[in-house]
2 protein chains.
Amino acid sequence: MAKLPKPTDAELAILRVLWQRGPSTVRQVHDALNATKKTGYTTVLKFLQIMHEKGLVTRDEAPYAHVYQARQPREEAQRTLVQDLLNRAFEGSMSGLVLQALSSRKASKEELSQIRKILRDYERGVK
Amino acid sequence: MAKLPKPTDAELAILRVLWQRGPSTVRQVHDALNATKKTGYTTVLKFLQIMHEKGLVTRDEAPYAHVYQARQPREEAQRTLVQDLLNRAFEGSMSGLVLQALSSRKASKEELSQIRKILRDYERGVK
DNA sequence: GCGCCAATACGAAAAGGTTCGTTGACTTAC
DNA sequence: GTAAGTCAACGAACCTTTTCGTATTGGCGC
């Protein structure tokens, strides 16, 4: 599998919509985005075309409304992004990242115990 | 304190040098960067000027070699970046972030126990 | 068939990021 | 004091990202 480029901010916003909604037409993406931030229809279209060129999304050229879909599953893209931040800003230190993540905002009890569970599972898996 | 803009990739690379070395001249930053990636002297200079305009660095206009310094401590900038990624890619889910961080590459036993310690300290602090 | 509508394609323009060549100013070594 | 070297300033060139106006297409209702 060829390595996909890191999505830009605007591209990521569109990917988020695709991950949440599943395959969507330009109009659907456009409407979803406009719930939070107004953007022109053609702007969204242009991005989807660019992302298609880059391979970030696939498209089904259905007549009268192409249907776009994220190429990578959400988790995979997230992994790339975390990895990237880890290298660029944390010299690879995972604990540094977790530390700053926690001090950047309140975490709920549920989140903490979820993280603990992840750690347990991880150790079991690695061992 | 005015909010500082998010550093770009190239800017972050320079900040990393400043954090590691402390206050430095353009030449020192340039040399440090060239250990990993060759860049023209004037390119580095230009970035430091831009970053100075943006307020990312302060400078001491010593005669014959201005001395630049990161405005934010490393941890503070890291926190902003994590926060940003959290919002842009993880819908704010901290556990999602930790999960992908762990699956993105091997973590050592030391790192894991360090993370556990961070969790413990955090809970104590919050309670 | 003809005009209307929703959609795509195209391309230009604005904004931001990145790189570097050139210039002029000052320092030190001779 | 002159040449050689180091430095900051400036601005041009280039690339990528972001935004959108305009043109074009193709089906549908009449």
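The exercises below, each with a worked solution, concern a predicted model.

**Exercise 1. Find how many helices and strands chain A has, and in what order its elements run.**

Step 1. Counting the elements of chain A gives 6 helices and 3 strands.

Step 2. Read from the N terminus on, these elements of chain A follow the order α-β-α-α-β-β-α-α-α.

Step 3. The radius of gyration of chain A is 18 Å, which is well over the 14 Å that the globule rule gives for 127 residues, and chain A is therefore more spread out than a compact globule.

Step 4. Taken along the principal axes, the box filled by the C-alpha atoms of chain A comes to roughly 50 × 35 × 25 Å, while buried residues account for 28% of the 127 residues in this chain.

**Exercise 2. Describe how strands β2 and β3 of chain A are joined.**

Step 1. Strand β2 (residues 57–60) and strand β3 (residues 67–70) of chain A run antiparallel and are joined by 4 bridges.

Step 2. As one position to look for, A:Thr58 stands opposite A:Gln69, which belongs to β3(A).

Step 3. The two strands β2(A) and β3(A) form a hairpin that has 6 residues between them, and in its turn A:Tyr64 has a positive phi of about 70°.

**Exercise 3. Work out which parts of chain B touch chain A, and how the two copies are related.**

Step 1. The contact takes 34 residues from chain B and 34 residues from chain A.

Step 2. On the side of chain B that touches chain A, at least two residues each come from α1 (9–21), α4 (74–89), α5 (94–104) and α6 (109–126), and by class this side has 19 nonpolar, 7 polar and 8 charged residues.

Step 3. A turn of 180° with a shift of 0.0 Å along the axis lays chain B on chain A with an RMSD of 0.1 Å, and that is the relation of a two-fold axis.

Step 4. The C-alpha of chain B nearest this axis belongs to B:Val98 and lies 3.5 Å from it.

Step 5. Because 100% of the interface residues of chain B are also interface residues in chain A, the copies meet through the same surface.

**Exercise 4. Identify which residues surround DNA strand D most closely, and which helices supply the surface near it.**

Step 1. Of the 21 residues that surround DNA strand D, the closest are A:Thr8, A:Ala10, A:Gly40, A:Lys46 and B:His66.

Step 2. The surface near DNA strand D draws at least two residues from each of α1 (9–21) and α3 (41–54) of chain A, and likewise from each of α2 (26–34) and α3 (41–54) of chain B.

Step 3. Divided by class, the residues of this surface near DNA strand D are 7 nonpolar, 9 polar and 5 charged.

Terms used: Residues are numbered from 1 along each chain as its sequence is written. Chains are lettered from A and ligands numbered from 1 in the order in which they are written. This is a predicted model: local features need pLDDT of at least 70, side-chain atom pairs count only at pLDDT 80 or more; totals for chains, interfaces and linings use all residues. Two strands pair if DSSP finds at least two bridges between them. Two residues are in contact if their C-beta atoms, placed from the backbone, lie within 7 Å. Ala, Val, Leu, Ile, Met, Phe, Trp, Tyr, Cys and Pro count as nonpolar, Asp, Glu, Lys and Arg as charged, and the others, Gly among them, as polar. The radius of gyration is taken over C-alpha atoms; the globule rule is 2.2 Å times the number of residues to the power 0.38. A residue is buried if 20 or more other C-beta atoms lie within 10 Å of its own, exposed if 12 or fewer, and partly exposed in between; C-beta atoms are placed from the backbone. A residue is near a molecule or strand if its C-beta atom, placed from the backbone, lies within 6 Å of it. Copies are superposed by least squares on the C-alpha atoms of residues with pLDDT of at least 70 in both.
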